[in-house]
Amino acid sequence: MPLDPATLRPLPSTPALSGVLETLAFFRDPDFARSRFERYGDVYETSLLGQRTVFIRGSQAIGDLFAQGDAVAGWWPDSVRELLGPLSLANRNGADHKARRRVVGQLFASAALKRYRPTIVALVDALSQELLSSEAPVALVPKLRRFAFRVIASTVLGLDPVDREALFVDFETWCQGLFSLPFALPGSPFARARQARQRLLQRLATVLKTAQAASAAGAPLAAGGLDLLAGGLDEAGLPLGDDDVAEQLLLLLFAGYETTASALSCLLLTLLQHPAELAWLQEELDSLSWPPEEGDAGAATDALRAPRLDAVVKEVMRLTPPVGGFFRRTREPIALAGVLVPADRVVQVSIAASQRHGADPEDLARFRPQRHLEGDTATTLLPYGGGERVCLGKALAELEIRLLAVGLLQRITLTLEPDQDLTLKVIPSPSPADGLRVRACPWARAAAPVGS
Ligand code: HEM
């Protein structure tokens, strides 16, 4: 429908011109977006390193954005765009984008997740053993990062431990370049990341060829999901080239690693800081089998069978979303919550600010998982984004987070070490500053259930 500018409000703007100070504040001030929303409203514009950027929050503005999918395109900072590559679905739009989502989405269908489940259970068991075998305090964050990487590399890619660890080294180098300045000066993080990208793509191409050969030879189903991609077609109905698929796999490693590792760290940190809620959750975890029995396999991810676990995960993702915001670029003028946003603006959807915004901000600042069992429909919950680009790996992330919560917390008591900084560093994803140091010991069941 054509816009009628006369009925729309002009876009409020901060006085920032060059955006240098705004950019510094953006990286340093955790309250950056919220304080400006309070001053300018739910849709406002500022300048970040010379780029006019429109920040939005709240269900009205975000709903309006999703409803005008054809008027916007995906957008990433230059460093991310280049390191993901021109074929990546994250850098594509329209039919190109949809076709690749259809192909890659097969890796996260329910039949695929069922296949991945035993691998994830085995990785949770290995992590539990590792924690219990250490007498000294352990930093959980690096362990959880490794775990998150192993899950994607072993499930989606079906890699054995040797290939997996070889890939990890290059992958970390590549990740370090993602949010750096995109100048390939020799030795800079960005230059190193570009070289690592080439090696990663070569490795992924080899992995793909091996999976295709095994599938063509009629080998039994692998633990990984790559055979599911066989026959994937592009927008013209032609099979996707191997280089195309390899770039989509690189995107999956990127999209699923840092995010899930952050969700796991924030889940354990929050529960350790809220012992009453941990005890409340543990009552429920006690009723779930581990390893999950055949008929019980879906219990951890079923909100009806494990409602407290579901509520706890939702509440952690609400207060500390792994992805604080995502971007679009306007191709033409659009209206967001009654405000006119011109063409060619980068729009940043603020997930973090939206999820804490509402009638009772004091209550929304508190960790209170019970709110999700009270039929609270007013709170905005958007940790996986929405619309045409909603997270493709949501089902895998949810499965892995819930299995880790059951497998670990049912059998291990974690105790926070004193004298550590538990504040969250927020870029690229929230993570406790000192790595979340804990002691682990086997969980001693209370004589009587807590709360009975
Ligand atoms: C807790 C974990 C995760 C969170 C919070 C998360 C969140 C998000 C968000 C907010 C987006 C952007 C949506 C948008 O632009 O509208 C996204 C995109 C995406 N995610 Fe996730 N994600 C998680 C885990 C994963 C995993 C495990 C995978 C796959 C292994 C994955 C694959 C993707 C892909 C491929 C996209 C791009 C979709 C597109 O552009 O069409 N994510 N995710």
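**Reading the ligand shell and the fold around it**

Modeller: Start with the ligand in this predicted model. Helix α10 gives the most to the shell around the ligand, with 7 residues.

Colleague: Which helices each supply at least two residues of that shell?

Modeller: Two are named: α10 (242-273) and α15 (394-409).

Colleague: How many residues surround the ligand, and which are the closest?

Modeller: The ligand has 27 residues around it. The closest are A255, G256, G385, C391 and G393.

Colleague: How does the shell divide by class?

Modeller: It has 17 nonpolar, 8 polar and 2 charged residues. Glycine is counted as polar here.

Colleague: Now burial. Why does S350 count as buried?

Modeller: The idea is to count C-beta neighbours; 20 or more within 10 Å makes a residue buried. S350 has 26 inside 10 Å, so S350 counts as buried.

Colleague: Where is S350 in the secondary structure, and what is S350 in contact with?

Modeller: S350 lies in strand β8, residues 346-350. Leaving aside neighbours within four places in sequence, S350 is in contact with A33, F55, I56, R57 and G325. As for L382, it is 32 residues from S350 along the chain, and their C-alpha atoms are separated by 9.6 Å.

Colleague: Take a helix next. How does the span of α8 sit against the expected one?

Modeller: The expected span uses 1.5 Å a residue. Helix α8 (residues 161-178) has 18 residues and reaches 25 Å from first C-alpha to last, close to the expected 26 Å.

Colleague: Which residues of α8 are buried, and what covers them?

Modeller: The buried ones are L167, D170, F171, W174, C175, G177 and L178. Their cover includes α4 (78-84), α7 (140-155), α9 (189-216) and α10. Helix α10 also gives 7 residues to the ligand shell.

Colleague: Zoom out. What does the radius of gyration say about the whole protein?

Modeller: Compare it with a compact globule of 452 residues, which would be near 22 Å. The protein has 23 Å, so the two agree. Its C-alpha atoms fill a box of roughly 70 × 55 × 45 Å along the principal axes. The secondary structure comes to 15 helices and 12 strands. Buried residues make up 38% of the protein.

Colleague: What share of the contacts with a separation of 6 or more joins residues 24 or more positions apart?

Modeller: The share is 72%.

Colleague: What is the mean pLDDT, and where is the pLDDT below 50?

Modeller: The mean is 88, and 93% of residues reach 70 or more. Residues 447-452 are below 50; beyond near neighbours in sequence, that stretch has 7 contacts in the model.

Note on methods
Residues are numbered from 1 along each chain as its sequence is written. This is a predicted model: local features need pLDDT of at least 70, side-chain atom pairs count only at pLDDT 80 or more; totals for chains, interfaces and linings use all residues. A residue is near a molecule or strand if its C-beta atom, placed from the backbone, lies within 6 Å of it. Helices (H or I, at least four residues) and strands (E, at least two) are DSSP runs, numbered from the N terminus. A residue is buried if 20 or more other C-beta atoms lie within 10 Å of its own, exposed if 12 or fewer, and partly exposed in between; C-beta atoms are placed from the backbone. Two residues are in contact if their C-beta atoms, placed from the backbone, lie within 7 Å. pLDDT is the predictor's confidence in each residue, from 0 to 100. The expected span of a helix is 1.5 Å times one less than its number of residues. The radius of gyration is taken over C-alpha atoms; the globule rule is 2.2 Å times the number of residues to the power 0.38.
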